[in-house]
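Grab a pencil and have a go at each exercise before you read its solution.

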Amino acid sequence: MLFRDGEVCGACYQVMCDFRADPKWCLISRGVTVTATNFCPPNNHGGWCDPPYHHFDMSMPAFFRIARQGNEGIVPVLYRRVTCKRRGGVRFTLKGQSNFNMVMISNVGGSGDAKAVWIRGSRSGAWLPMHRNWGANWQSSADLRNQRLSFKMTLVDGKTLVFLNVVPSTWSFGQTFSSKSQFF
């Protein structure tokens, strides 16, 4: 329910165990900030991953910041969207092949979730819209090999940044490049 088919990938949430609902397992007034990175697949049997449930599948270290050990499973939570605070710049991981560019965008601050992304090769001149493939992966069918790559990104909160020549012309698929810019 929260993941919305990948639209909120990268968004940050503050999660707290609901002490009033479960004082046996919840730690009082303890919260942890998590980043949405994937989804809990629905199982069509009324499980926690099925609508209308909102579900966070957390790592054990994150879980133990809000709940006591001994009940490593399901606890009631309270949550809210928060600003993502990141170290370093936005990162671009290049995937794909000659006629299919896929870029995984990570380490995004601010609201954390992208609404729109454009790519520009150093020889093309024009900003080309990219389309969300899944989650934080954006794709384009333009052949931009052997060109410096720039990106323009708009977050769901409307903030836009341009990352000029963040990828050198010598790039190859599988590499990750970090910008010097960040959303706040």
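Below are four exercises on this protein, each with a worked solution.

A quick note before you start: this is a predicted model, where local features need pLDDT of at least 70, side-chain atom pairs count only at pLDDT 80 or more, and totals for chains, interfaces and linings use all residues. Residues are numbered from 1 along each chain as its sequence is written, and side-chain values use heavy atoms, with hydrogens and water left out.

**Exercise 1. Describe the overall build of the protein: which elements does it have, and in what order?**

Step 1: Count the elements. Helices (H or I, at least four residues) and strands (E, at least two) are DSSP runs, numbered from the N terminus. You should get one helix and twelve strands.

Step 2: Read off the order. Starting at the N terminus, it goes β-β-α-β-β-β-β-β-β-β-β-β-β.

Step 3: Look at the extent. The C-alpha trace spans about 60 × 35 × 25 Å along its principal axes.

Step 4: Check the record. An unreviewed UniProt entry annotates residues 99-179 as "domain: Expansin-like CBD"; positions are given in the numbering used here, feature names are shortened, and such annotations may be inferred rather than shown by experiment. That stretch is 0% helix and 53% strand.

**Exercise 2. Find the disulfides: which cysteines pair up, and why is Cys 9 left without a bond?**

Step 1: Know what to look for. A disulfide is a covalent bond between the sulfur atoms of two cysteines. Here the test is a pair of cysteine sulfur atoms within 2.5 Å.

Step 2: Search the whole structure, and two disulfides turn up. One joins Cys 12 and Cys 84, with sulfurs 2.1 Å apart. This link is right-handed, with 120° about the S-S bond. Cys 12 sits in strand E1 (residues 12-17) and Cys 84 in the loop between strand E3 (77-82) and strand E4 (91-97), so the bond ties together parts that are 72 residues apart in sequence.

Step 3: Take the other pair. Cys 17 and Cys 26 have their sulfurs 2.0 Å apart. The torsion about their S-S bond is about -55°, so this one is left-handed.

Step 4: Deal with Cys 9. The closest cysteine sulfur, in Cys 84, is 10 Å from the sulfur of Cys 9, and that's too far for a bond.

**Exercise 3. Locate the largest nonpolar core: which residues have the most contacts inside it?**

Step 1: Set the rule. A nonpolar core is a set of buried Ala, Val, Leu, Ile, Met, Phe, Trp, Tyr and Cys residues joined through side-chain atoms within 4.5 Å. Buried means under 20% relative accessible area, exposed over 50%, partly exposed in between (1.4 Å probe, protein chains only).

Step 2: Apply it. The largest core has 23 residues, and Ile 105, Phe 151 and Met 153 have the most contacts inside it. Strand E10 (149-155) is among the elements that give it two or more residues. In fact, E10 supplies the largest share, four residues.

Step 3: Look elsewhere too. Another core, apart from this one, has 16 residues, including Ala 11, Cys 26, Val 32 and Ile 66.

**Exercise 4. Is Asn 101 buried or exposed, and which backbone oxygen lies 2.4 Å from a polar atom of its side chain?**

Step 1: Find Asn 101 in strand E5.

Step 2: Check its cover. The relative accessible area of Asn 101 is 5%, so this residue is buried.

Step 3: Look for the partner. The backbone oxygen belongs to Ala 142.

Conventions. Polar contact = N/O pair within 3.5 Å; in protein donor to acceptor, adjacent residues only side chain to side chain.
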